[in-house]
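I set out below what I looked up in this structure, entry by entry.

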Amino acid sequence: MDNTESRRTSPTVVAIIPARYASTRLPGKPLLEIAGKPMILHVVERALAARCVARVLVATDDARVAEAVRGAGREAVLTRADHRSGSDRLAEAVESVDAEIVVNLQGDEPFVSPLTVERAVAALIADETAQVSTTCEEIESADDVLNPGVVKVVTDERGYALYFSRAPVPFPRDAALHHGSLQAALANDPTLLKGFRKHTGLYVYRRAFLLEYARWPQSPLERAESLEQLRILERGAKIKVVEAASPSIGVDTPEDLARVRAMIDAQSSQVEPRLKWPGF
């Protein structure tokens, strides 16, 4: 099959980046400068570097963010300000977008890997039983296991999500009993870290499913854990989980921002290995 035919038969993939201006710890977060340009533009450029992505759109509730994106020659759409979640904002933006596959990227992860995007998209396209794909990565510290701000994911042997939680799951019961607590167990046996996976906030949806999912009411587990992806699992839909190509770094605090700025300043130009993507 030649490249022309591959492009025609490959699903159209659009990446949408929800970006709220308000942030409790970092007001105006999307527009904070990193290496001389707003953080949101770093994410846009990473998304555009994924060879499966045909178009990238920033969905924001603030004209300042939209103006910064458009001023750089990129696409932005203004959405309502009263959305409860990023997925709701995503669904509003998607209603006017012609695409079969929708990638949801976090606007505060300027280091998101284009290869991670490609992996997640490829996984969903290859699996007709899944409606969503998402990504995970290794947890490297006991603090992250114990931190409710770090979401953990548990999968079955085929890579489908069984559960997402802010709690340490799966809980190593015997080790915790032996050492007196989970914290002590992790300190005394670092190999226990291999049993945990951090969920990262990249999602890939089939467009029709995203629009349906956004209309569902919040579910009990979603409200309990404050994790909207649990709404999908409670309805019985499948989420495919794939390993990220490289660690993600979210910018939530001034300390995170300083670390990311230092990393980008010191970053050397390295070429990531890429998938053989049909038609790209």
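**Entry 1: aromatic pairs.** To what number does the count of aromatic pairs come? I worked on a predicted model, and the count comes to 5 aromatic pairs. I looked first at phenylalanine 209 and tryptophan 216. Their ring centres are 5.6 Å apart and their planes stand at 85°, so I recorded the pair as edge-to-face; the label follows because planes over 60 degrees apart count as edge-to-face. I then checked how accessible the two residues are. Phenylalanine 209 is buried, at a relative accessible area of 7%, and tryptophan 216 is buried as well, at 10%.

Tryptophan 216 also pairs edge-to-face with tyrosine 213, at 6.0 Å centre to centre and 80° between the planes. I noted that tyrosine 213 and tryptophan 216 are both buried. Following the ring pairs further, I found that they link Tyr203, Tyr205, Phe209, Tyr213 and Trp216 into a cluster.

**Entry 2: charges over rings.** I next looked for charged side chains placed over aromatic rings. Arginine 64 lies over the face of tyrosine 21, 3.7 Å from the ring centre. I also noted lysine 240, whose charged end sits over the ring of tyrosine 160 at 4.6 Å from its centre.

**Entry 3: cysteines.** How many disulfides does a search of the whole structure find? I found 0 disulfides. I asked why cysteine 52 has no bond to the closest cysteine sulfur. That sulfur belongs to cysteine 136 and is 18 Å from the sulfur of cysteine 52, which is too far for a bond; a disulfide would need the sulfur atoms within 2.5 Å. Seen from cysteine 136, the closest cysteine sulfur is in cysteine 52, again at 18 Å and too far for a bond. Cysteine 52 is buried, with a relative accessible area of 2%. Cysteine 136 counts as buried too, at 6% relative accessibility.

**Entry 4: helix H5.** I turned last to helix H5, which runs over residues 114-126 and has 13 residues. From first C-alpha to last, H5 reaches 18 Å, close to the 18 Å expected at 1.5 Å a residue. At the start of H5, I found a side-chain oxygen of serine 113 within 3.1 Å of the backbone nitrogen of leucine 115.

Which residues of H5 are buried? I listed Pro114, Leu115, Thr116, Val117, Glu118, Ala120, Val121, Ala123 and Leu124. What covers these buried residues includes helix H2 (39-49) and the strands S1 (13-19), S6 (101-104), S7 (132-138), S10 (197-206) and S11 (239-243).

How values were computed. Residues are numbered from 1 along each chain as its sequence is written. This is a predicted model: local features need pLDDT of at least 70, side-chain atom pairs count only at pLDDT 80 or more; totals for chains, interfaces and linings use all residues. Side-chain values use heavy atoms; hydrogens and water are left out. Helices (H or I, at least four residues) and strands (E, at least two) are DSSP runs, numbered from the N terminus. The expected span of a helix is 1.5 Å times one less than its number of residues. Buried means under 20% relative accessible area, exposed over 50%, partly exposed in between (1.4 Å probe, protein chains only). Contact means heavy atoms within 4.5 Å. A polar contact is a pair of N or O atoms within 3.5 Å; within protein, one must be able to donate a hydrogen and the other to accept it, and residues adjacent in sequence count only if both atoms are side-chain atoms. Rings of Phe, Tyr and Trp (its six-membered ring) pair if their centres lie within 6.5 Å; planes under 30 degrees apart count as stacked, over 60 as edge-to-face and the rest as tilted. A charge sits over a ring if NZ of Lys or CZ of Arg is within 6 Å of the ring centre and within 35 degrees of the ring normal.
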